[in-house]
Amino acid sequence: MKSCDIPYYIVSNIDTDDIIAAIHYHGLTPLKIFTSEDAKSYKPRTELFEMALKKTNLNPQEIVHIGDSLSSDIKGAANLGINTIWMNRNHKEVPDGIVAVASFADILHTSFFCDEN
């Protein structure tokens, strides 16, 4: 994430204390963290995504949700019109209409996120 100057948020079904520990362990610096514990609702339900949108003053067309679960991350975000990228680390078959990558490097080294020119 440090290779690209893109603001990012973490939206997770993991409880708040656990995600904070993981963030510190990996040295991440998200602008804000939104958890299902805070929203009292788990992805794919839309409440967590709606809370994040409201608190960031962003609309669905302005963001991309990257997630590793087709059923929770991709379906949940897409239900609100949020652009999605499926982190398909195990190279599973990609359903029609789904944008998938195998690693963050595949995302961050594209013009979609970084202009390396």
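The following legends describe close-up views of a predicted model of one protein chain.

**Basis of the views.** In this predicted model, local features need pLDDT of at least 70 and side-chain atom pairs count only at pLDDT 80 or more, whereas totals for chains, interfaces and linings use all residues. Residues are numbered from 1 along each chain as its sequence is written, and side-chain values use heavy atoms, with hydrogens and water left out.

**Figure 1. Overview of the protein chain and its order of elements.** The protein chain contains 5 helices and 5 strands; helices (H or I, at least four residues) and strands (E, at least two) are DSSP runs, numbered from the N terminus. Starting at the N terminus, the order of the elements is β-α-β-α-α-β-α-β-β-α. Of the 117 residues in the protein chain, 35% are buried. Here buried means under 20% relative accessible area, exposed over 50%, and partly exposed in between (1.4 Å probe, protein chains only). The exposed surface of the protein chain is about 7,600 Å², of which carbon and sulfur atoms supply 50%; accessible areas come from the Shrake-Rupley method with a 1.4 Å probe, and for residues only the protein chains shown count as cover. Among contacts with a separation of 6 or more in the protein chain, 32% are between residues 24 or more positions apart, a contact being heavy atoms within 4.5 Å.

**Figure 2. Strand β4 and its pairing with β3 and β5.** Strand β4 spans residues 83-87, and 4 of its 5 residues are buried, so it is largely enclosed by the rest of the structure. Strand β3 (residues 64-67) pairs with β4 in the parallel sense over 4 bridges; two strands pair if DSSP finds at least two bridges between them. Within this pairing, V64 stands opposite N83 of β4. Between β3 and β4 the chain passes through helix α4 (residues 70-78), and this β-α-β crossover is right-handed. The term right-handed applies if, with the strands pointing away from the viewer, the path from the first strand over the helix to the second runs clockwise. Strand β5 (residues 100-101) also runs parallel to β4, to which 2 bridges join it. In that pairing M87 has V101 of β5 as its bridge partner.

**Figure 3. The salt bridges of the structure.** The structure holds 3 salt bridges, each defined as a side-chain nitrogen of Lys or Arg within 4 Å of a carboxyl oxygen of Asp or Glu. One of them joins D73 and K43, with an N to O distance of 2.5 Å. D73 belongs to helix α4 and K43 to the loop between α2 (36-39) and α3 (47-56), so the pair ties together parts that are 30 residues apart in sequence. D73 is buried at a relative accessible area of 6%, and K43 is likewise buried at 9%. Another salt bridge links R45 and E47, whose closest N and O atoms are 2.5 Å apart. E47 is partly exposed, its relative accessible area being 29%. The side chains of R89 and D68 also meet in a salt bridge (4.0 Å, N to O). R89 is in the loop between β4 and β5 and D68 in the loop between β3 and α4, so this pair ties together parts that are 21 residues apart in sequence. R89 is partly exposed, with a relative accessible area of 48%.

**Figure 4. The nonpolar cores.** A nonpolar core is a set of buried Ala, Val, Leu, Ile, Met, Phe, Trp, Tyr and Cys residues joined through side-chain atoms within 4.5 Å. The largest has 10 residues, namely V11, F34, A39, L48, F49, M51, A52, L53, A77 and I82. Helix α3 gives the largest share of this core, 5 residues. Beyond its neighbours within four places in sequence, V11 is in contact with F34, K43, L48, F49, A52 and H65. A second, separate core of 5 residues includes I85, M87, V101 and L108.

**Figure 5. A cis peptide bond and two positive phi values.** Most residues other than glycine have a negative phi, and most peptide bonds are trans. The peptide bond from K43 to P44 is cis, with omega near 15°, and P44 is placed in the loop between α2 and α3. N57, which is not a glycine, has a positive phi of about 55°. N57 lies in the loop between α3 and β3 and is exposed at 69% relative accessibility. H91 also has a positive phi, near 55°. The position of H91 is in the loop between β4 and β5, where H91 is exposed with a relative accessible area of 62%.
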